[in-house]
Amino acid sequence: MVSPPETAENNAVPCGTCHHCCTHEWIFLRPEQGDIAELYDTVDIVSPTTGLPAKALAHKPNGDCIYLGDSGCTIHGRHPAVCRAFDCRRFFLDMLRRPRTERRRNMRDVARFQETFEIGERKQAEFPVAP
């Protein structure tokens with residue numbers, strides 16, 4: 001089997017039993033970062049950020065990523081670039097640097113923003129990364 005090139009940084013995130021970012025989120029493939037759509041079970045959708053057609057990992061009927069198993073990611077090691085790069089602790093730190101009004105607006109208007117922020121805060125307190 002062909003594996004995608006490791007072009008996105010593979011963050012060692014201490015997820016433990018947390019699978020928050022693997023549920024009810026579109027995991028967009030990024031060919032420019034080495035993702036090969038043919039290696040994954042995908043759906044065609046319109047990107048909310050660009051308005052252009054995009055490929056994303058398919059979901060199970062309950063909203064979980066198609067590759068989320070009982071003990072975590074079943075394709076870890078060949079997971080898409082966005083999965084390799086995302087770290088909720090860094091998300092939390094990045095959001096702290098932004099104006100409070102922006103954070104409040106995002107917590108009000110962006111689905112799952114507050115929960116992701118709070119998870120990142122807890123993980124940062126337990127397993128800190130440098131800002």
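His20 is a buried residue, with a relative accessible area of 10%, which is below the 20% limit for that class. The model described here is a predicted one. His20 is found in the segment before strand E1. Leaving aside residues up to four places away in sequence, His20 touches Arg112, Glu115, Thr116 and Ile119.

**Two residues with positive phi**

Most residues other than glycine have a negative phi. Against this background, Arg112, one of the contacts of His20, has a positive phi of about 65° although it is not a glycine. His24 also has a positive phi, near 55°, and is likewise a residue other than glycine. The table sets out both residues.

| Residue | Phi | Relative accessibility | Place |
|---|---|---|---|
| His24 | near 55° | 49%, partly exposed | segment before strand E1 (42-46) |
| Arg112 | about 65° | 21%, partly exposed | loop between helix H3 (100-109) and helix H4 (113-126) |

Arg112 counts as partly exposed because its relative accessible area is 21%, and buried residues must lie under 20%. His24, at 49%, is also partly exposed, since exposed residues must be over 50%.

**Helix H4**

The loop that holds Arg112 leads to helix H4 (113-126). H4 has 14 residues, which at 1.5 Å a residue should span 20 Å; the C-alpha atoms at its ends are 20 Å apart, so the two values agree. Where do the buried residues of H4 lie around its axis? The buried residues are Phe113, Thr116, Phe117, Ile119, Gly120, Lys123 and Gln124. They cover an arc of only 165° around the axis and therefore sit on the same side of H4. Two of them, Thr116 and Ile119, are touched by His20. The cover over the buried residues of H4 includes helix H2 (88-96) and H3. On the face turned away from the buried side, H4 carries the exposed residues Arg122, Ala125 and Glu126.

**Nonpolar cores**

The largest nonpolar core consists of nine residues: Ile27, Leu29, Leu39, Tyr40, Leu57, Cys65, Tyr67, Leu68 and Ile75. Apart from this core lies another, of seven residues, among them Phe91, Leu93, Phe117 and Val129. Phe117 is also one of the buried residues of H4. Leu68, a member of the largest core, touches His19, Cys22, Thr23, Lys60 and Cys73, not counting residues up to four places away in sequence.

Technical notes. Residues numbered from 1 in each chain as written. Predicted model: local features only at pLDDT ≥ 70, side-chain atom pairs only at ≥ 80, totals over all residues. Heavy atoms only, no water. Helix = DSSP H or I, 4+ residues; strand = E, 2+ residues; numbered from the N terminus. Buried < 20%, exposed > 50% of the residue type's maximum accessible area, 1.4 Å probe, protein only. Expected span 1.5 Å × (residues − 1). Arc of directions from axis to C-beta. Contact = heavy atoms within 4.5 Å. Core = buried A, V, L, I, M, F, W, Y, C linked by side-chain atoms within 4.5 Å.
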